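This briefing accompanies the structure shown below. Its topics are a central strand, the nonpolar cores, a loop aspartate and some local backbone features.

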Amino acid sequence: MLESNGNYLAFYNAIKHAYPDIKIVSNCDASSKPLDHPADLYEYHTYPHDARSMFNNAQVFDKTPRNGPKAFVSEYALIGEEQAKLGTLLGAVSEAGFLIGLERNSDHVAMASYAPLFVNANDRKWNPDAIVFNANKVYGTPSYWVQYMFRESSNGATFLESQLQTTDPTSLAASAILCQNPQNNKTSLKIKVANMRSDQVNLKISVEGYATSNLTESTITVLSSINALDENTFSDPKKVVPKRSPFQRAGKEMNFIIPPISLTVFDLL
C-alpha cells in the first residue's frame with residue numbers, strides 16, 4: 001500500500017501522530033468511488049463549459065457514501081468564451097444551482113470555494129474570476145455576488161427539508177435554511193430560488209412550522225439583469241448586482257414572480 005501511494009502514507013501517519021487535530025486533504029476525487037488511502041477531506045473540482053451542466057451538477061453528491069472523508073469543493077466555476085466569458089449573469093446563476101445542491105448535501109460537503117478568487121485585469125491568465133482589480137479600481141463579477149448571497153449557508157445554518165414542485169427540474173432549483181444573525185441574534189428563514197429559464201416563473205411558496213415575527217423587516221433580494229450574458233466592468237461595476245427590497249407579503253402562503261435567469265433570496269423574519 002505504501003508503494004501504490006508513494007510517500008503519502010508516511011507523511012499522513014507522521015502528521016497525524018505529531019498533530020492529530022490537523023485535517024489532511026486528499027486531491028483524489030471520492031464523489032463516485034472510495035479512496036484507497038486515509039484522509040479527512042477530499043478535493044472536488046468542476047469547470048464545465050455548459051451552463052446547464054453546471055446547474056445540474058448539483059446532484060453530484062446525492063448518492064455519495066457518507067462513511068468516508070467529507071468533500072471540499074475547492075474549485076468550481078462555469079468557464080468558456082461562449083457562456084461564461086469574463087463573468088456573466090448566466091454563469092453565476094448556473095453556479096447558484098450547483099451551490100443549492102451543495103447545501104442539500106451539507107452533511108457531506110464540508111467546504112466550498114470559487115476559483116480563482118482574484119485577477120489583475122492587466123495580467124489575466126484565467127477567466128472568469130470572482131473579483132477583478134487594477135491599480136485603483138475593483139469590482140465583483142456576478143459569481144462573486146452569488147457567493148455573497150450564499151454567505152449564511154456556512155454560518156451555523158440549519159438546512160430544512162423542502163420540496164420544489166416543477167415540471168422543469170433541470171432549470172429551477174430551490175432550498176431553505178434557518179439561520180441566526182450573529183449581530184442581533186434574530187432568526188430568519190432564508191429561501192433561495194435559482195431560475196435558469198429564459199422566461200419568468202410564477203412561484204407559490206407554502207411555509208409550515210415557521211411564523212414571521214416582523215413583516216416589515218422581511219426582504220427579497222434578486223440578482224438579475226436584462227441580458228443573460230451581461231457582465232460587470234470597471235466602467236459599469238454594478239450592472240449585475242443583488243437588489244434588495246422589502247417583502248411585506250411574507251406569510252404561510254406567498255406568491256411571487258421569479259425573473260428569468262436569476263437568483264432570488266427571500267429573508268423571512
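**Strand E15 and its surroundings**

Strand E15 is mostly covered, with seven of its seven residues buried. The model is a predicted one. The points below begin with this strand and then turn to the cores and the loops.

**Faces and partners of E15**

- In a regular strand, side chains alternate between the two faces of the sheet.
- On one side of E15, Ser262, Thr264, Phe266 and Leu268 are all buried, and on the other side Leu263, Val265 and Asp267 are buried as well, which leaves both faces covered.
- E15 pairs with strand E10 (residues 187-195) in the antiparallel sense, over seven bridges; within this pairing, Phe266 of E15 is the bridge partner of Ile191.
- E15 also pairs with strand E12 (residues 219-223), again in the antiparallel sense, over five bridges. Val265 in E15 stands opposite Thr221.

**Nonpolar cores**

- The largest nonpolar core comprises 40 residues, and Phe61, Val73, Val146 and Leu263 have the most contacts inside it.
- Elements giving two or more residues to this core include strand E2 (41-46), helix H3 (89-104), helix H4 (142-149) and strand E15 (262-268). H3 supplies the largest share, nine residues.
- Beyond its neighbours within four places in sequence, Phe61 is in contact with ten residues' worth of surroundings that include Tyr42, Tyr44, Val73, Leu102 and Val109.
- Another core, of 19 residues, lies apart from the largest one; Val207, Ile220, Met254 and Leu268 are among its members.

**Asp168**

- Asp168 is found in the loop between strand E8 (158-159) and strand E9 (172-180).
- Asp168 counts as buried because its relative accessible area is 18%, under the 20% cut-off.
- The side chain of Asp168 makes polar contacts with the side chains of Ser171, at 3.0 Å, and Arg197, at 3.2 Å.

**Backbone features in loops**

- Most residues other than glycine have a negative phi, and most peptide bonds are trans.
- The peptide bond between Ala115 and Pro116 is cis, with omega about -10°; Pro116 is in the loop between strand E4 (109-112) and strand E5 (118-120).
- A cis peptide bond also leads from Asn127 to Pro128, with omega near -5°, and Pro128 is placed in the loop between E5 and strand E6 (131-133).
- Lys85, in the loop between E3 and H3, has a positive phi of about 50° and is partly exposed at 34% relative accessibility.
- Ile261, in the loop between strand E14 (253-258) and E15, has a positive phi near 45° and is buried, with a relative accessible area of 10%.

Key: Residues numbered from 1 in each chain as written. Predicted model: local features only at pLDDT ≥ 70, side-chain atom pairs only at ≥ 80, totals over all residues. Heavy atoms only, no water. Core = buried A, V, L, I, M, F, W, Y, C linked by side-chain atoms within 4.5 Å. Buried < 20%, exposed > 50% of the residue type's maximum accessible area, 1.4 Å probe, protein only. Helix = DSSP H or I, 4+ residues; strand = E, 2+ residues; numbered from the N terminus. Contact = heavy atoms within 4.5 Å. Pairing = 2+ DSSP bridges. Polar contact = N/O pair within 3.5 Å; in protein donor to acceptor, adjacent residues only side chain to side chain.
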